[in-house]
Amino acid sequence: MDDCPDLARLREHVAAFADLLTNRPSNGRLLKWVNAARADTLPALKSFAMGLDKDWDAVLGAVTSPWSSGVVEGTVTKINLVKRQMYGRAGLPLL
């Protein structure tokens, strides 16, 4: 990490964002992180921050809401997996 200060800064930003996602912050903490990411010189980080700005209400709701759609998403993934496994198997031998 000492050889690449850009990578060290990126790691700090990513760790701070991961903390935001796990601890359900207030609007102020999220806005502070986005402003810090926008102010940094890393192009990918700036692009990510600008993308968050484009749909701020949805991002704020997703990060601060106590609700999660994880169970539903897991079920949909399982159904799609079974569906993909069955492609090409329909026919008389299956019956």
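These legends accompany an overall view and several close-ups of a predicted model.

Residues are numbered from 1 along each chain as its sequence is written, and side-chain values use heavy atoms, with hydrogens and water left out. In this predicted model, local features need pLDDT of at least 70 and side-chain atom pairs count only at pLDDT 80 or more, while totals for chains, interfaces and linings use all residues.

**View 1. The whole protein, built from five helices and zero strands.** Starting at the N terminus, the elements run α-α-α-α-α. Helices (H or I, at least four residues) and strands (E, at least two) are DSSP runs, numbered from the N terminus. The C-alpha trace spans about 65 × 35 × 25 Å along its principal axes. The radius of gyration is 20 Å, where a compact globule of 95 residues would have one near 12 Å; this radius is taken over C-alpha atoms, and the globule rule is 2.2 Å times the number of residues to the power 0.38. Of the 95 residues, 19% count as buried. Here, buried means under 20% relative accessible area, exposed over 50%, and partly exposed in between (1.4 Å probe, protein chains only).

**View 2. Phe17 and Trp33, a tilted aromatic pair.** The whole structure holds three aromatic pairs. In the pair shown here, the ring centres of Phe17 and Trp33 are 4.7 Å apart, with 40° between the planes. Rings of Phe, Tyr and Trp (its six-membered ring) pair if their centres lie within 6.5 Å; planes under 30 degrees apart count as stacked, over 60 as edge-to-face and the rest as tilted. This pair links distant parts of the chain, with Phe17 in helix H1 (residues 5-23) and Trp33 in helix H2 (residues 27-39), 16 residues apart. Phe17 is buried at 16% relative accessible area, and Trp33 is buried at 7%.

**View 3. Trp33 and Phe48, an edge-to-face aromatic pair.** Their centres are 6.1 Å apart and their planes make an angle of 80°. Trp33 in helix H2 is thereby linked to Phe48 in helix H3 (residues 43-54), 15 residues along the chain. Phe48 is partly exposed, at 38% relative accessibility. Ring pairs join Phe17, Trp33 and Phe48 into a cluster.

**View 4. Ser65, in the loop between helix H4 (56-64) and helix H5 (70-85).** Ser65 counts as buried, with a relative accessible area of 19%. Leaving aside its neighbours within four places in sequence, Ser65 is in contact (heavy atoms within 4.5 Å) with Arg24 and Leu60.
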